[in-house]
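Me: I'd like to go through this model with you and ask what the labels rest on. Can you take me through it?

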Amino acid sequence: MDIIEEINRLKKEKNAVILSHYYVDDDVKEVADYTGDSYYLSKVAKETDADIIVLSGVSFMGESAKLLNPEKTVLMPDSHADCPMAHMATVEYIEKVKEKYDDIAIVCYINSTALLKSHSDVCVTSANAVKVVKALPNKNILFIPDENLGRYVASQIPEKNFIFNPGFCPIHKGISAAELAECKKKFPDAEVLTHPECTQDVLALSDFIGSTSGIIKYAGESKAASFIICTECGVLYELRERYPDKTFYTVGLPTCVNMKKVTLEKILDVLKTGKNEIFLDNDLKDKALASLDKMLELAK
Ligand code: CIZ
Ligand code: SF4
C-alpha cells in the first residue's frame, strides 16, 4: 500500500481529519481534507466532528485548533514546526503599554503563542484584521506581534491610534522592494499581489494587498493574465491549480522552512502512533480561547 493510501485508510479508521495550511509542501496538501489560511483553518477546526485533527502547519495553528475544540485530539506532524514570529512579543511589553492607556485593546495576530493570546483582548488574521479592529470600541490599539501587518491595518483605520511591536515574519520581510521593482520591469503587465506581512516599501509597489485567501480570490477575479505574488511560495500550487491559464511569478522563492517540515511520512507516523499531541496550559486556556472566540464573532 502506498503512503497516501495508508494515510487515507488510517484517517477513516480513526475518524481523523487533516487540515493543511497553503504553505506546506504540495504533496502534503494532496492528503488534506481542508486546505486554507489561518482564518479558514480555525473555522474548520471549530466545526469538525472528527475525533482527531492532524494540523499540517506550524504550532500556533495546532494550539488554536485545540483551543477551539478542546475535546478533540490535535496532532502535529512535526513538533518543531514553529513560527518564529509567534514568539516575538512579551507579556512584559503588553503590561507596560497597558499601564499607559486606560482605553486600550490588545489585538493579537493569530500567528502567536497561546500565552500571548491569553494576554490579548482579541485575535485577528490577515483575512479579517481590518474588520475586527474597526468593530472594537477602543481608540487605542496595541497590535502584536507583527509590526508590518499592524502598520497595514493602521493605514486602513486612520481614526484609531496604533502602538506597534517590533515582530516580523522573516519570510515576508525577506521579499525585497528593489527586487520586486526589477521583477515589475521584466513583467510590466503583471499585477502585484502582496501579503500585508511584507514591508511597507513592498506594499507601496503592489496592486492588491490581502491575505493568502484574498490573493487567491483576487487573482481569479482580475482581468490580468499574469501576476507577481509576494507571499510564501506554497500559495502558487493553489493559484496554478485553480487558474491554469494565468501566469504567476515570485520575487525569488520565499519559503517558510517551518511549514516545509511537514511531510507525508510524519503525517503517517502521528496517525499511527498518536504522538506530538497538543496539550495546553490550564491557566491560559480560557483567556486565549476568549480572544479567538471574540475574533470569530466580530469577523462574521
Ligand atoms: O504567514 C503566515 O503564516 C500566514 C499568512 C498565515 C495565515 O494563513 O494567515
Ligand atoms: Fe511564521 Fe512567516 Fe512561516 Fe508564516 S510564513 S509561519 S509568519 S515564519
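**Domains, core and odd backbone spots**

Reply: Sure. The chain is assigned domain 1 (3-82 + 259-279), domain 2 (85-168 + 286-298) and domain 3 (175-250), with bounds that come from an automatic or database domain assignment. This is a predicted model, where local features need pLDDT of at least 70, side-chain atom pairs count only at pLDDT 80 or more, and totals for chains, interfaces and linings use all residues. Residues are numbered from 1 along each chain as its sequence is written, while chains are lettered from A and ligands numbered from 1 in the order in which they are written.

Me: What makes up the contact between domain 2 and domain 3?

Reply: Domain 2 puts in 8 residues and domain 3 puts in 11, where contact means C-beta atoms, placed from the backbone, within 7 Å. On the domain 2 side you get 3 nonpolar, 3 polar and 2 charged residues. Here Ala, Val, Leu, Ile, Met, Phe, Trp, Tyr, Cys and Pro count as nonpolar, Asp, Glu, Lys and Arg as charged, and the others, Gly among them, as polar. The centres of the two domains, taken over C-alpha atoms, are 26 Å apart.

Me: Why is asparagine 15 called exposed, and asparagine 276 buried?

Reply: Count the other C-beta atoms within 10 Å, with C-beta placed from the backbone: 20 or more is buried, 12 or fewer is exposed, in between is partly exposed. Asparagine 15 has 11, so it's exposed. Asparagine 276 has 20, so it's buried.

Me: What is the phi of each of those asparagines, and where do they lie?

Reply: Phi is near 50 degrees for asparagine 15 and about 60 degrees for asparagine 276, both positive in a residue that isn't glycine. Asparagine 15 is in the loop between α1 (3-14) and β1 (16-21), and asparagine 276 in the loop between α14 (264-273) and α15 (282-298). Those helices (H or I, at least four residues) and strands (E, at least two) are DSSP runs, numbered from the N terminus.

Me: Which peptide bond is cis at proline 145?

Reply: The one from isoleucine 144 to proline 145, with omega near -20 degrees. Proline 145 belongs to the loop between β7 (140-144) and α8 (147-156).

Me: What makes a set of residues a nonpolar core?

Reply: They must be buried Ala, Val, Leu, Ile, Met, Phe, Trp, Tyr and Cys residues joined through C-beta atoms within 7 Å. The largest one here has 86 residues, and Val107 is among those with the most contacts inside it.

Terms used
Contact = placed C-beta atoms within 7 Å.
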